Amino acid sequence: QSGLITIDPGFKNTGSTKSAITFLDGEKGILRYRGYNIEDLAENSNFLEVSYLLINGELPTTEQYNDFAGRITNHTLVHEDIKKILDGFPSVAHPMGVLSSLICSLTAFYPNSLDPNNTDEEIKLSMVRLLAKMPTFAAWAYKNKMGHPVNYPDNSLDYCGNFMKMMFSLPSEKYEIDPVISKALDKLLILHADHEQNCSTSTVRIVGSSQASIYASISAGINALWGPLHGGANQSVIEMLEAIKADGGDSKKYLEKAKDKNDPFRLMGFGHRVYKNFDPRAKIIKKAADDVLEKLGINDPVLDIAKELESAALNDQYFVDRKLYPNVDFYSGIIYRALGIPTDMFTVMFALGRLPGWIAQWKEMRENNEPIGRPRQVYVGSTERPFVPIDKR
Ligand code: SDX
């Protein structure tokens, strides 16, 4: 082949596309969705409005918002046969595995999603279905783990209220939605909604580039997010903080472990490929953690350990030299826990938030008619050699 092939492990210095959706400035710690600062959106918007913004490029008018929210509400119910798929999972199944399977099963229920020449209306409908049914599937994945009966969506509730009721209500008890929890959840979903070409979004784009259905592409993104170096970090952070607490709460000892090249231990929730300054989301979540725990009257010792760890790391040469700061996952688990969400659902919460971003990025990839993703390599294997029969080896 002509031309030089450059190898860039992890694509640290490779741009995969041009995108108009999300802007990051890693040095200054800036994050904007379609030009709006994340601080403004977290303070003034709501998750469905941000979802509309990411997918359509503009903040919706009241009429556009009501139509968008209304369509989503009318698609929350899922085909009863999907419960048969859910029933096939043992209760030990990790909710992320259940979620990615249920999302992928939508391709079977809506086979026209495989048609690359789908009309805009049909593509729009598949996006509405995803936004509408993901909370139902996420709550069902949790109920499957708990051995509880699943709940059906309640279309009289808003997005987060409906999700919480499907997650936490039991036939035997009355369930009241706590507005403090619902508002905190909505803010967390906004903060996770998109983040340019991260690992799971790049996965959605490359799977979509083969003209796989949008459901299969999103299912692939869910699986990429699962890894502890990516969306799975919020679960690993809590497990790390709990381990430090169980080991006497000496955060300095763990800081040293994280610096020791021979020790595989990493300070989970710290560091970022792009941010070489504070992750703006971490700042917002850290403040929200204080607010929510105070409003709910919760004193979580793990939050104190997290703060100690953060201040020690920010004054430690190893972390300063490598520009390692807390990322979005460092404090998010503390809030999820305060909201009553179990640890193995933390990454599911990340996926719920990231869904509109994945949808927007898949749509942009299709609208740009991007070619199938197929990188090259530099071959370093055996040179040509003849086959040797087994009795001669
Ligand atoms: C997310 O891409 C995105 O935008 C992701 C995300 C999104 O919204 O989609 O922001 C969400 O995934 C946040 C990141 C969550 N992951 C973690 O918190 C896991 C811990 N973090 C690290 O594994 C790491 O920082 C990454 C994976 C986040 C970034 O990895 P890079 O860019 O490949 O950096 P690297 O591993 O090459 O590290 C550079 C140096 C190395 O030291 P040296 O070899 O130069 O001596 O920093 C060190 C690393 O050893 N380092 C850490 C560390 N992170 C990096 N050392 C200790 N603890 C850490 N957490």
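## Salt bridges

A salt bridge is here a side-chain nitrogen of Lys or Arg within 4 Å of a carboxyl oxygen of Asp or Glu. The structure under discussion is a predicted model, and by this rule it contains 24 salt bridges. One of them pairs Glu-43 with Lys-187, whose closest N and O atoms are 3.9 Å apart. This pair links distant parts of the chain, since Glu-43 belongs to helix H1 (residues 38–44) and Lys-187 to helix H8, with the two positions 144 residues apart in sequence. Glu-43 has a relative accessibility of 55% and therefore counts as exposed, whereas Lys-187, with a relative accessible area of 23%, is partly exposed.

Another salt bridge joins the side chains of Lys-253 and Asp-247, with an N to O distance of 2.6 Å. Lys-253 is partly exposed because its relative accessibility is 39%; Asp-247, at 33%, is likewise assigned to the partly exposed class. Beyond such pairs, Glu-242, Lys-245, Asp-300 and Arg-337 are joined into one network by salt bridges that share partners. A further salt bridge is formed by the side chains of Lys-392 and Asp-391, at 4.0 Å from N to O. Both Lys-392 and Asp-391 are exposed.

## Surface patches

A patch of positive charge on the surface gathers Lys-12, Lys-261, Arg-266, Arg-273 and Arg-322. Within this group, Arg-322 is located in the loop that runs between helix H15 (317–321) and helix H16 (328–338). The relative accessibility of Arg-322 is 39%, so this residue counts as partly exposed.

The surface also carries a nonpolar patch of about 380 Å², made by Ile-5, Ile-7, Val-378 and Val-380. Ile-5 is placed in the segment before strand S1 (22–25). With 32% relative accessibility, Ile-5 counts as partly exposed; the value passes the limit of over 30% relative accessible area that applies to patch residues.

## Surroundings of Tyr-175

Tyr-175 occupies the loop between helix H7 (159–168) and helix H8 (179–191). The relative accessible area of Tyr-175 is 22%, and the residue is therefore partly exposed.

When neighbours within four places in sequence are left aside, Tyr-175 is in contact with Met-164, Lys-165, Phe-168 and Ser-169. For one of these partners, Met-164, the separation from Tyr-175 is eleven residues in sequence and 9.5 Å in space, taken from C-alpha to C-alpha.

Terms used: Residues are numbered from 1 along each chain as its sequence is written. This is a predicted model: local features need pLDDT of at least 70, side-chain atom pairs count only at pLDDT 80 or more; totals for chains, interfaces and linings use all residues. Side-chain values use heavy atoms; hydrogens and water are left out. Patches are made of residues with over 30% relative accessible area and no salt bridge: like charges are joined within 9 Å, nonpolar side chains (Val, Leu, Ile, Met, Phe, Trp, Tyr) within 5 Å. Accessible areas come from the Shrake-Rupley method with a 1.4 Å probe; for residues, only the protein chains shown count as cover. Helices (H or I, at least four residues) and strands (E, at least two) are DSSP runs, numbered from the N terminus. Buried means under 20% relative accessible area, exposed over 50%, partly exposed in between (1.4 Å probe, protein chains only). Lys and Arg count as positive and Asp and Glu as negative; His and the chain ends are not counted. The place of a charge is taken as NZ of Lys, CZ of Arg, CG of Asp or CD of Glu. Contact means heavy atoms within 4.5 Å.
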